[in-house]
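Work through the exercises below with the structure open beside the text. Try each task before reading its solution.

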Amino acid sequence: MTLDILSYGFMQRALLTGVVVSITCSMIGLFLVLKRYSLFGDALSHVAFGGIALGYFFNIYPIWTAFAVSVSAALGITKLRKSTKISGDAAIAVLLSSGFAMGVLLISASHGFTIDLFSFLFGSILLTSIQDTLLIVGVSCGVILTLIAIRKPLIHFTFDEEQAKVHGIPVEKLNYLFVALAAVTVIATMRLVGILLISALIVLPNITSIMMGRGFKKTMIISISLSVSAVIVGITISYYFNLAPAGTIVMLMVAMFVGTLIAKHVGLFSKKVHENNLSTVN
Amino acid sequence: MSVNALDVENVSVSHNGVLAVNKISFSVQEGDLLGIVGPNGAGKTTLFRAILGLQSYQGKIKLFGYEGSQYTTLLSMVGYVPQKVNFEPNFPATVYDVVAMGILSKKKLAKGAALIQSCGCCWNRIFSTSSKDREKIEESLKIVGLESFKDRRISELSGGEQQRAFIAKSLVKEPLLMILDEPVTGVDMDVQNKFYSVLRKINKENKITIVWSSHDLTAISDLATRVACMNRELFFHGEKEEFFANKDLLKMYSESAMQLHMHKHDM
């Protein structure tokens, strides 16, 4: 009985996209969180909304316009930050409001809100077409493989930019590549949880796993595991109880975060660290 | 004939029109341990940042006689330990992870080694050519005495232990030159002494050239082979004995150090 949801094509597509996208979000999110760029994903998704509206306005497949607008906005704001020394949070505010305003403007200029547009705002994982699935899975795999390839310089760069520069890492190029990857990830995630909840997938699994006090590799693996299980369980629950998948997934992630916070407060993780300390002393 | 490890020729740096470093020139020979002294605000960090390519400057700086793109190649083989590494306190990196960041790719290492050999310098590697990355990391941790801390998060370590981890990170790249900017300021005496013995060891045994700034004149007189004294300009550069015999210089340095000390307590 429990496996009957897998017999539907739309469910298979939803689960496949969900799993791939959650892995990508966790990976890119860990770097964003550690660079104190947690809301960058949120800003990019609002820009993507502008991109989607642009697609509808000119009658182009909206995902393509969203990709183009988000990636150029990400690169542009990085360049602007470098040349004007605008602080990170202010840059994010500029990006977020200008992207969203562009979207609202274009929609009002055309034929108003449609159901399809709403699906971008709140996610529509169960309505993912084969074309969308192929695109999202392809793009996500590209991001994952790139991140694996550049992991060493990227970790060094995230830890300490100046040391990375002395070490001979081309930090500027790496930064541009990284923000472009983040923009691409956000577009790929839109279908799963919608523009308004993307930040949750980027931030929640990572701040939860960081609390567990492990090294970099383990932190990333824990974050991916939390994210993937929240997506699978969330989609399943939403199917059986007829709930919105995006909200269910994010609330599961919030529960994981709060649970870990309580466990840490009670001393579950610190005890382990303490034992480790004792063993190194002995 | 071998060349100098570092040549600084007429280097000036200005911040918003104010000269932080004024026409400084000095050279560091291979195997030297140069101690740089000078009060805070003397431009020591600015000078280091210029050498490391993090700060634009006027004048000329050469690494093992090289400038331009070859300078950049050799720069990746310079170990740098700043006064304080500013990292995100939640960063989930163990001590092992941090040291691993210092590993230089085989390609870069080979390119740098070829340059060094062609200029006739002898580069004493810390590790044998066959050692794997993991062995290098373990060995670096052993040199700084942190082998039992390798699985601890870097943020859990004390300030002195963190500095030792960052020294291990710069040792693991098999440096040609190490630049240490007041690396043990604010660290207790016991850790300072451990640190100094590490410094002596890598300079004597591995023949790594070291440029080191410090306010600790006792340590400088114990360890350094040569001394430079600066306060925006270079006041002295030469043999250690000569510096410590020059009462005027010592007086000038200790007075400014005293003022700084009092100023710190006022804050």
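The exercises that follow concern a predicted model and take up chain A, its contact with chain B, and the sheets of chain B.

**Exercise 1. Describe the secondary structure and overall dimensions of chain A.**

Step 1. Count the elements: chain A has 13 helices and 0 strands. Read from the N terminus, the elements therefore run α-α-α-α-α-α-α-α-α-α-α-α-α, with helices counted as DSSP runs.

Step 2. Take the extent along the principal axes: the C-alpha atoms of chain A fill a box of roughly 70 × 60 × 30 Å.

Step 3. Compare with a globule. A compact globule of 282 residues would have a radius of gyration near 19 Å, and the 20 Å of chain A agrees with this.

Step 4. Look at burial and contacts. Of the 282 residues in chain A, 45% are buried. Among contacts in chain A with a separation of 6 or more, 73% join residues 24 or more positions apart.

**Exercise 2. Find which elements of chain A have the lowest and the highest mean pLDDT.**

Step 1. Start with the whole chain: the mean pLDDT of chain A is 88, and 93% of its residues reach 70 or more.

Step 2. Go to the elements. Helix α13 (residues 268-281) of chain A has the lowest mean pLDDT, 49, while helix α7 (residues 151-159) of chain A has the highest, 96.

Step 3. Examine the low end. The pLDDT is below 50 over residues 271-282 of chain A, and this stretch has 4 contacts in the model beyond near neighbours in sequence.

**Exercise 3. State which residues of α7(A) are buried and what covers them.**

Step 1. List the buried residues of α7(A): A:L154, A:I155, A:H156, A:F157, A:T158 and A:F159.

Step 2. Identify the cover. From chain A it includes α1 (9-34), α8 (161-166), α9 (171-193) and α11 (216-241). Chain B contributes α3 (95-101) to the cover of these buried residues.

**Exercise 4. Describe the contact between chain A and chain B.**

Step 1. Count residues on each side: 22 residues of chain B are in contact with 20 residues of chain A.

Step 2. Locate the chain B side. The elements giving two or more residues to it are β5 (78-81) and α3 of chain B.

Step 3. Sort the residues on the chain B side: 12 are nonpolar, 5 polar and 5 charged.

**Exercise 5. Work out the strand order of the 3-strand sheet in chain B and find what packs on it.**

Step 1. The order in this open sheet is β2-β1-β4 of chain B, with antiparallel pairing. Its edge strands are β2 (18-28) and β4 (58-63) of chain B, each pairing on one side only. From one strand to the next, the twist averages 20°.

Step 2. Follow one pair. Strand β1 (residues 6-15) of chain B is antiparallel to β2(B) over 7 bridges, and B:S14 stands opposite B:L19 in β2(B).

Step 3. Add the helix. Helix α1 (residues 44-51) of chain B packs on the sheet, touching β1, β2 and β4 of chain B. Its direction makes about 65° with that of β2(B).

**Exercise 6. Do the same for the sheet of 6 strands in chain B.**

Step 1. This open sheet has the order β5-β6-β7-β3-β8-β9 (chain B) and mixed pairing. Its edge strands are β5 and β9 (233-239) of chain B. The twist averages 15° from one strand to the next.

Step 2. Strand β8 (residues 226-231) of chain B pairs with β9(B) in the antiparallel sense over 6 bridges; B:C229 stands opposite B:F236 in β9(B).

Step 3. Place the helix: α1(B) packs on this sheet, touching β3 (33-37), β6 (177-181), β7 (209-213) and β8 of chain B. The direction of α1(B) makes about 150° with that of β6(B).

Technical notes: Residues numbered from 1 in each chain as written. Chains lettered and ligands numbered in written order. Predicted model: local features only at pLDDT ≥ 70, side-chain atom pairs only at ≥ 80, totals over all residues. pLDDT = per-residue confidence, 0-100. Helix = DSSP H or I, 4+ residues; strand = E, 2+ residues; numbered from the N terminus. Contact = placed C-beta atoms within 7 Å. Buried ≥ 20, exposed ≤ 12 C-beta atoms within 10 Å, placed from the backbone. Nonpolar A, V, L, I, M, F, W, Y, C, P; charged D, E, K, R; others polar. Pairing = 2+ DSSP bridges. Axes fitted to C-alpha atoms, helices over the stretch in contact; angles between N-to-C directions. Rg over C-alpha atoms; globule rule 2.2 N^0.38 Å.
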